[in-house]
Amino acid sequence: MLTLEEPSSALCVAIGGRLRDLRIQQRLRQQDMADRSGIPLSTYRLMERQGAGSLENFLRAAAVLGATAAFQQLFQPVEEAESLDDLLRRRRRPARVRHAAS
């Protein structure tokens, strides 16, 4: 698990590796992925190797692999709220009630 102190590059590399694994499972070459997604081959290779690429390019690749549901699940809407304050109030834990000793 990444912490806030760690660079996000470790997560990017992991996502690129997962992209490669899905491509291989579907028996596609990098050139096939680049052609089908409309991404230059050199960019696609960087996406797999370093996790370097725009969100749009990752979404294009995910669409080719039939994996867009993971992105949609990640960004599901949160509860309906009138304001940010309303959301924050809902997340607060109820205050503890202390009982006087008998």
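**Notebook: core, pocket and one loop residue**

I looked first for the largest nonpolar core and found that it has 13 residues, with L19, M33, Y44, M47, A61, L65 and A67 having the most contacts inside it. Tracing where these residues come from, I noted that α1 (9-25), α2 (30-37), α3 (41-50) and α4 (55-65) each supply at least two residues of this core, and that α4 gives the most, with four residues. I keep in mind that this is a predicted model. As general background, nonpolar side chains in soluble globular proteins tend to be buried together.

I then followed L65, and, leaving aside residues up to four places away in sequence, I listed its contacts as L19, L22, R23, Q26, L28 and M33.

Next I turned to the largest pocket, which holds about 450 Å³ of space. I counted 19 residues in its lining, and those that lie nearest the centre are I15, L55, F58, A62 and F71. The elements giving two or more residues to this lining are α1, α4 and α5 (68-74), and α1 gives the most, with six residues. By residue class, I recorded 14 nonpolar residues in the lining, together with four polar and one charged.

Last, I checked R27, which sits in the loop between α1 and α2. I noted that its phi is near 55°, a positive value in a residue other than glycine, whereas most residues other than glycine have a negative phi. Is R27 buried or exposed? I entered R27 as exposed, because its relative accessible area is 76% and the cut-off for exposed is over 50%.

How values were computed:
Residues are numbered from 1 along each chain as its sequence is written. This is a predicted model: local features need pLDDT of at least 70, side-chain atom pairs count only at pLDDT 80 or more; totals for chains, interfaces and linings use all residues. Side-chain values use heavy atoms; hydrogens and water are left out. A nonpolar core is a set of buried Ala, Val, Leu, Ile, Met, Phe, Trp, Tyr and Cys residues joined through side-chain atoms within 4.5 Å. Buried means under 20% relative accessible area, exposed over 50%, partly exposed in between (1.4 Å probe, protein chains only). Contact means heavy atoms within 4.5 Å. On a 1 Å grid over the protein atoms alone, a cavity is a set of points where a 1.4 Å probe fits but cannot get out, and a pocket is an open set with protein on both sides within 12 Å along at least five of seven lines; lining residues have an atom within 4 Å of a point. Grid points are joined across faces, edges and corners, and a volume is the space filled by probe spheres set on the points. Ala, Val, Leu, Ile, Met, Phe, Trp, Tyr, Cys and Pro count as nonpolar, Asp, Glu, Lys and Arg as charged, and the others, Gly among them, as polar.
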